[in-house]
Amino acid sequence: MVQRFDFNRVRQFVKRDLILLRGTFSTGIFVAIILVFLFCLFNMMWDKQLGLEEFYGIFALVYLPLGLLFTFSLFREFGNPKTNALYLALPVSSLERLVAKWLVSTLVYTIVFSVVALLIAILALIFGIVLFGADFNVPTLFSTSYINIVAIYLFVQPVFMVGAMSFSKNKIGKTLLSLGIALLCFLLLNFLLYAMFNHSLGVFAEDGLGSVAFGKASTQFSIFGQWFYGLIFGPLMLVVAYFKMVEKEV
């Protein structure tokens, strides 16, 4: 097994995945084109405009689930017992293999989808102007809302990457079930810790100093909580995915 990390091998592996999955990738893009166009057009039927936040809502509605489904397709060869032996025998290290998969399912997918979604939204806007007399308001990707949507995908996608490598059958359902159970456990743990350390401070009351203090503390620590859970569902899951890949190779 090759030990030294070589980005040229990563580039070749990215190219290989794109060639092998060109049919799946093309189908997904065509589905995205139809959904974005129809959602944008239907949205303009009601208020005669395509607001920026409305466009981002449509973008997220299609971008997130389609990207997660593409992640499972990307690891189909890895999980197939008929092809995984040959796949794992390719002259590329586990880290290079994981980086290539991550780049295809995040960077390449995000760039292609973003450009396509923007162009289709503009096309739908032109149709809306002709059909409904909609306002001319060209959408853009230069916004914090767009960055937040992509950030959510970047932190959630590694979880589904791990699920694609962990389960041999019903991967999507088992991954969603595992994720739901994990979220419920986190919510229960947070509630129990909150109740244990704050029950005597009157934070459960609708008024009083306790509830005011809790509100301020929630505002101050919300960013900390986002980073904490983001690290769990993002970089940590990438580490788990790496060891899953090493485990399969062994």
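# A guided tour along helices H1, H6 and H7

Begin by selecting residues 7-20, which form helix H1, a run of 14 residues that reaches 20 Å from its first C-alpha to its last, close to the 20 Å expected at 1.5 Å a residue; the expected span is 1.5 Å times one less than the number of residues in the helix. This is a predicted model, in which local features need pLDDT of at least 70 and side-chain atom pairs count only at pLDDT 80 or more, while totals for chains, interfaces and linings use all residues. Residues are numbered from 1 along each chain as its sequence is written, and side-chain values use heavy atoms, with hydrogens and water left out.

Before going further, colour the model by secondary structure, which comes to 10 helices and zero strands. Helices here are DSSP runs of H or I with at least four residues, strands are runs of E with at least two, and both are numbered from the N terminus. Of the 250 residues of the protein, 37% count as buried, where buried means under 20% relative accessible area, exposed means over 50%, and partly exposed lies in between (1.4 Å probe, protein chains only).

## Around H1

Return to H1 and show the side chains of Val-10, Phe-13, Val-14 and Asp-17, which are buried. They cover an arc of only 105° around the axis, which puts them on the same side of H1; the arc is taken from the directions that run from the helix axis to the C-beta atoms.

Next, select Asp-6 and Asn-8 at the start of H1, where a side-chain oxygen of Asp-6 comes to within 3.0 Å of the backbone nitrogen of Asn-8. Asn-8 itself is found in H1 and, at 38% relative accessibility, counts as partly exposed. From Asn-8, move to Glu-96, which is 88 residues away along the chain, although the two C-alpha atoms are separated by 9.5 Å.

## From H1 to H6

Now add helix H6 (residues 94-132), whose axis comes within 9 Å of the axis of H1 and crosses that axis at roughly 55°. Axes are lines fitted to C-alpha atoms, for helices over the stretch in contact, and angles run from 0 to 180 degrees between N-to-C directions. H1 and H6 are therefore oblique to each other, given that angles under 35 degrees count as roughly parallel, over 145 as roughly antiparallel, 65 to 115 as roughly perpendicular and the rest as oblique. The crossing of H1 and H6 is right-handed, a term used if the near helix is turned clockwise from the far one by less than a right angle, with left-handed used if the turn is anticlockwise.

## From H6 to H7

Add helix H7 (144-166) and the loop between H6 and H7, where Pro-139 lies. Pro-139 is buried, with a relative accessible area of 6%, and its C-alpha atom is separated by 9.2 Å from that of Leu-125, 14 residues apart along the chain. Val-138 is found in the loop between H6 and H7 as well, but Val-138 counts as partly exposed at 38% relative accessibility. The C-alpha atoms of Val-138 and Leu-119, 19 residues apart along the chain, are separated by 10.0 Å.

With both helices displayed, look at how H6 and H7 pack, at an angle of about 150° and with their axes 11 Å apart. That makes H6 roughly antiparallel to H7, and H6 passes H7 in a right-handed crossing.

For the last stop, select Ile-152, which lies in H7 and counts as partly exposed at 46% relative accessibility. Then select Gly-234, which is 82 residues from Ile-152 in sequence and 9.4 Å from Ile-152 in space, C-alpha to C-alpha.

Key
A polar contact is a pair of N or O atoms within 3.5 Å; within protein, one must be able to donate a hydrogen and the other to accept it, and residues adjacent in sequence count only if both atoms are side-chain atoms.
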